[in-house]
Every structure is written in C-alpha cells, then in structure tokens.
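Dear colleague,

I am passing on the structure below, together with some notes on what was found in it. Please read the notes alongside the sequence and the model.

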Amino acid sequence: WRSRLSLPPGKEACQLSGSHYFGLGMRFLESMDRGGRFTNSEGKEGEWVRGSEYLIAAKWCAYTATADGHPVTVALFDYANNPRHPARMFTMTTPFAYLSATLNLWKEPLTLKAGSPLELNYGLALWDGQVEPEKIERAYQKWTGFVAAAAGH
C-alpha cells in the first residue's frame, strides 16, 4: 500500500493531527471480533490508551482470529523509510477488532510543506492458520527487501 500526500497549488503548509487511531486501518470480519490475539515485532502489549485500545511502536503487528470458523493471521508491515518508523500500531478488541499503523499524530502533529510530499509504504500479509512471530518477521524482512529493491535503495 503506497500513499503520497501533497499540498495543492498555492498552499504552503498544513498540519496533520488527529486521534490516536488515525492511520492506515483494518476492520476485520465480524466473525473475527471475538477471541482474537494481537502480536507485534516487539512482543509487548504497548501503551494503554483506553478500554481495550493500545499503541506500540513496532515494525509490524499481526492479528490472529477465527474467520467464519477458520483460523487466520493478518499482519500489517511498516516500511523503514516511513516517517517516524516504526509506526505506532493501534490495536483494539472492543467493540470490534481493529488494527492501524499510525504516525502518532495525536501526540506529535506533522507539518506537511509545499514541495515535500508525505510518502508512506505499508505491507499486508495473510495466512491460513495461526502463525508464529518468527514466520511473520521473515515475511516482513522479505517484504522490506522487495520494497527497497523496487525503490532502488
């Protein structure tokens, strides 16, 4: 997933800010809302925000749950060249399961300036079944190598 945000002609700057969950987010199937488990590259729960909501600075975050009776794992990857890498991964389980990669704009607004677009790269991986963190890390490393090669880094 690649995004490029730039200002329109005549606009010199703008400030990006927002809530703690603002970012590239995923809402899962309703059948995945209960009984799932989040894991991340740091192996920690992170900073509690409220209710079941947490933020953690991590290269990747994954959610394992049952989708319509079948176990699945979904991982969201942050790219090293993204601003503020590693992303603040937002997770919550109530009232529904949700994951997003954020730029931590709620605590650190970001000024976007004319001529300097904001470029973001994220990856997504899906597996049938429960996947261990080591396998997710290998997929993350493979993906980052692919993105770097495609960008000529």
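A salt bridge here is a side-chain nitrogen of Lys or Arg within 4 Å of a carboxyl oxygen of Asp or Glu. Please keep in mind throughout that this is a predicted model.

By that rule the structure has five salt bridges. One of them joins K59 and E137, whose closest N and O atoms are 3.1 Å apart. K59 sits in the loop between strand 6 (53-57) and strand 7, whereas E137 belongs to helix 1 (residues 133-151), so this pair ties together parts that are 78 residues apart in sequence. K59 itself counts as partly exposed, at 24% relative accessibility.

Another salt bridge runs between E47 and K107, with 2.8 Å between the closest N and O atoms. This pair, too, links distant parts of the chain, since E47 is in strand 5 (residues 47-50) and K107 is in the loop between strand 10 and strand 11, 60 residues apart. Both ends are partly exposed, with a relative accessible area of 36% for E47 and 46% for K107. In a further salt bridge the side chains of R50 and E53 meet at 2.9 Å, N to O; here R50 is partly exposed at 43%, while E53 is buried at 8%.

Turning to the interior, the largest nonpolar core has 25 residues, of which F28, M32, L76, M89 and L103 touch the most other members. At least two residues of this core come from each of strand 7 (60-67), strand 8 (70-78), strand 10 (98-102), strand 11 and strand 12 (118-128), and strand 7 gives the most, with four residues. In soluble globular proteins, nonpolar side chains tend to be buried together. If you would like one residue to look at in the viewer, L103 is in contact with F22, P83, R84, L110, L118, L120 and Y122, leaving aside its neighbours within four places in sequence. Apart from the largest core lies another core, of 13 residues, among them F77, I136, Y140 and V147.

Strand 11 (residues 110-113) shows an alternation of side chains, in which L110 and L112 point to one face and are buried, while T111 and K113 point to the other face and are not buried. This strand runs antiparallel to strand 2 (residues 13-16), and four bridges join the two; within that pairing, Q15 has T111 as its bridge partner.

Finally, the structure holds 10 aromatic pairs. Y21 and F90 form one that is tilted, with 5.9 Å from centre to centre and 50° between the planes. Y21 lies in the loop between strand 2 and strand 3 (23-27) and F90 in strand 9 (residues 88-92), so that the pair links distant parts of the chain, 69 residues apart. Y21 is partly exposed, with a relative accessible area of 32%, whereas F90 counts as buried at 1%. The pair of F96 and Y98 is edge-to-face, because the ring centres are 6.3 Å apart and the planes stand at 85°. Of these two, F96 is partly exposed at 23% relative accessibility, and Y98 is buried at 18%, the cut-off for buried being under 20%. Ring pairs link Y21, F22, F90, F96 and Y98 into a cluster, and R27 lies over the face of F96, at 3.6 Å from the ring centre.

With best regards

Conventions: Residues are numbered from 1 along each chain as its sequence is written. This is a predicted model: local features need pLDDT of at least 70, side-chain atom pairs count only at pLDDT 80 or more; totals for chains, interfaces and linings use all residues. Side-chain values use heavy atoms; hydrogens and water are left out. Buried means under 20% relative accessible area, exposed over 50%, partly exposed in between (1.4 Å probe, protein chains only). Two strands pair if DSSP finds at least two bridges between them. A nonpolar core is a set of buried Ala, Val, Leu, Ile, Met, Phe, Trp, Tyr and Cys residues joined through side-chain atoms within 4.5 Å. Contact means heavy atoms within 4.5 Å. Rings of Phe, Tyr and Trp (its six-membered ring) pair if their centres lie within 6.5 Å; planes under 30 degrees apart count as stacked, over 60 as edge-to-face and the rest as tilted. A charge sits over a ring if NZ of Lys or CZ of Arg is within 6 Å of the ring centre and within 35 degrees of the ring normal.
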